[in-house]
Structures are given as structure tokens and as C-alpha cells.
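Work through the exercises below with the coordinates loaded. Try each task before reading its solution.

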Amino acid sequence: MRIVITAGEASGDLFGAELARALRDLDPNIVVSGIGGPRMRRAGVTLVRDSSTWGSIGVVNALKVLHRALAGYAALRRHLRAHPPAVLVPIDFGAFNVRVGRFARSLGIPVYYFIVPGSWRRSGPISPSLLEAADYFCTQLPWHADRLRAAGARAEFYGHPLLDLAFPSRPAEAIRQAWGLEVDAPVVCLFPGSRRHEVEHILPAFLDAAALIRERVPRARFVLGLAEVVDRRQVGRILRTRGWSAREPAEDQGGPGRGAFPFATSSPGPHTPEVIMVTGRTYDCLAVANAALCASGTVTLESAILGVPHLIVYRGSFGMRLQYQLVKHKIGYIGLPNLLLDASICPELLDTAATPERIADECTALLLDEERARAQKDGFARLMELLGQPGVIRRAAERILDVARRTQA
């Protein structure tokens, strides 16, 4: 039995990998192929194209990667024609996957959309093109399932898949010990995003803010959490220009896809600030964190699930800034915890407001003001009530197999 999974960004790659494993647990004879990244490849998915570098925010950055996505779309169309699967499973990434879903359905291939784009919206029309993209929708928020059903779609809500995944590999104390972090040291995690342009514009501000935090909270330690798809040469250059050294935990050196890291300084002095750099282990990073600096994206929800107070930052190129200025009057919130609760739980610093000084002010407050940190954690508790129960990926895999078997019956 063939199943095709298509994912476009780091979070989709994570969900696609876990879904592929769940499908194989249920039926070891399943052959899974598709579009994805390093996690899906390690999960045994045969990739038609690697989508690791397709992620973008804003029109300008989307145009830079458009040729890769178009080539991937053409390759996938050929693959679907040559090897029609029992079911196609798109994951989020609507600009690509809506087109893929509509094409697959035109070939008579059933489509089960797992992680539906725009699910946080509580009102407004459902796009007709989205409704045409799948036979079944498995959305991660209860009100979106209701909205899809009201629009005539077959929609299911099992819970949010992050509830199955957001767990550290071991207790926080053991991770701190392995990484050389004092048990009682305040730890700030830096998550600059997975897209190249995010790292380019957000990481320098995070490092400059961390230098200020270090002056105000001398015992603070810093952990840089990188997505696997991030260009380590880019990170090394930014660290070097900002005057930081980097140290990787011994257990991470030489891990999958990592290779040698170009350290920020060839001979760091005794006063050179140091960041502990960890790749592909977001939940371990969050397990040791007292606060986090987050680019807008999935990591904000992961931080909330693991109860880590954080602030959310959006910075970009001149083109991105111009686009933001044109649409900012339409934007309420950009961070997932704020969007889902429709309330300002986590501070958001956007565009010109996202200065190192402002970032440092907000983060220092989270480290030193217990009431401020507690208010966020109370909000996270309310958020957890919306996300359902664990076991989401297994239930979705069972449903996908049911669709696939009925297709082949």
C-alpha cells in the first residue's frame, strides 16, 4: 500500500515523520513517499523532493524560493501519476498543498488533509480552494472543525499533534548536567526560526539582547536552539560578527546532519559571552529554560505547552518591513498562544519595536518578576484546555489507513 505525505516547513517535517512512523506501526507493509525534510527522511519516507529550504514569510522571500517549490510541484505531479497512492496526506503549507490536493483529487486519489492551514481563525469565510483540496480534513483546533463542517466539509478534531511530541528526552536536571549548566542558573533559550531570512534578521537582535540581559542578570546562561535545516555557516558568521562564542554539548557533536561547526571566534577570551548551541532538540532546550526568545511560529506553542514564559519577535528585511507596514492594521496577534486565546498573553515585539533593548527589557522582566511569569503560565493552562488530548497522531494514522483500505477495496 502506498501513501504520500507532503510537508513544507520544519514543523510539517516533524509531524510528517511522526505520522509516517505511526502508519508503519499499524501496517509495516506501507510504502511512504512524498515531500519533506530530514526528519521525514530519517523516518523512512522516500522524498520526491526535499522542501527544507522552501519556507518563507512575505512576498519578497516567497519569490526567492518559488522556483524550488514549482520544481517540487512538477516532480510530485509526475510521481502521483506514475505511482498513485491509496491516499495523499498534505500537512499545512497551504500555498503548495492546496494545489497538490486539488491535483490529486483530479486523478481520483483521496486526500486526507492533516494540519489544516488557517485553523486559528474563528470567523470569516472558508476558502473554496481549500474545501476543494481534500476529501477529509483533520484540523488541530475544535472550532475550525466546526467551521469546516458548516462549510460542507468532512472534518475531524482529535486534538493538537504537539501534545504527542512536546516532551524532553529526559529530566531537566539531567539535561542541565550534560550541557554544563548550573542547576540554579537562569537559562534563556533563543529560537531564531528555521527560515534563512528569519535567522539573518532575528538572531543578531537576540544575541545583542542576550548581551544586555547578561549585564542585568550576571548568572544568566544562554542556549541557542537551531532547527536542523538552518545553515550553520550562516549562524557561525552571525555569532562571529556579534562577538559570541559557541559551544556544542559533547552528545550533540557530530550528530545527524551537523558536521563541524564554524565557531564564532578562533580564540575566545575569558570575557567573551558564550552560547550553548543545540540542533534539532527544541524540547530539551525548553526543559532547561526559565524564559525564551521566540521567532513567531510553532515554537511559541511548544513553549506554551511546556510552560516556558516567552516573548515573540518579528523582524525582517526592508521588503518584509514594508509589507508589514501595509498590513499591520489588519493584524491582531502573530504568536500562536495569543491567537488561540485571543488575548495578549505573551509580549509581541514587531518590526521596529523589536530592538535589542526592548527584547532585553521584556526578557529580564520574565526572569526577575515572578508575577509576570506566573501570568503567562496561567494563560498557558487555559490554552491547554483548547488543545484536546494526546494520542492525536495515532488516531489520525488509523483514520488514514481506513481511507486507504476503502480506496483499495
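Three exercises follow, each with a worked solution.

The model is predicted, so local features need pLDDT of at least 70 and side-chain atom pairs count only at pLDDT 80 or more, while totals for chains, interfaces and linings use all residues. Residues are numbered from 1 along each chain as its sequence is written, and side-chain values use heavy atoms, with hydrogens and water left out.

**Exercise 1. Place strand β6 (residues 136-139) among its neighbours, and decide whether its faces are covered or open.**

Step 1. Set the terms. Helices (H or I, at least four residues) and strands (E, at least two) are DSSP runs, numbered from the N terminus. Two strands pair if DSSP finds at least two bridges between them.

Step 2. Find the partners. Strand β5 (residues 112-114) pairs with β6 in the parallel sense, over three bridges. Here Phe-114 has Cys-138 as its bridge partner. Strand β7 (residues 155-157) also pairs with β6 in the parallel sense, again over three bridges. There, Thr-139 is bridged to Phe-157.

Step 3. Trace the connection. β6, helix α6 (residues 142-150) and β7 form a right-handed β-α-β unit. Right-handed means that, with the strands pointing away from the viewer, the path from the first strand over the helix to the second runs clockwise.

Step 4. Check the faces. In a regular strand the side chains alternate between the two faces of the sheet. In β6, Tyr-136 and Cys-138 lie on one side, Phe-137 and Thr-139 on the other. All four are buried, so both faces are covered. Buried means under 20% relative accessible area, exposed over 50%, partly exposed in between (1.4 Å probe, protein chains only).

**Exercise 2. What surrounds the buried Asp-13?**

Step 1. Locate Asp-13: helix α1 (residues 10-26).

Step 2. Look for a salt bridge (a side-chain nitrogen of Lys or Arg within 4 Å of a carboxyl oxygen of Asp or Glu). Asp-13 has none. The nearest side chain of opposite charge (Lys and Arg positive, Asp and Glu negative; His and the chain ends not counted) is Arg-39, 5.0 Å away.

Step 3. Look for polar atoms. A side-chain polar atom of Asp-13 lies 2.9 Å from the backbone nitrogen of Gly-37.

**Exercise 3. Which is buried and which is partly exposed: Asp-92 or Asp-351?**

Step 1. Take Asp-92, in the loop between β4 (87-91) and α4 (94-106). Its phi is near 50 degrees, a positive value in a non-glycine residue. Asp-92 is partly exposed, at 30% relative accessible area.

Step 2. Take Asp-351, in the loop between β14 (348-350) and α15 (356-368). Its phi is positive, near 55 degrees. Asp-351 is buried, at 7%.

Key. A polar contact is a pair of N or O atoms within 3.5 Å; within protein, one must be able to donate a hydrogen and the other to accept it, and residues adjacent in sequence count only if both atoms are side-chain atoms.
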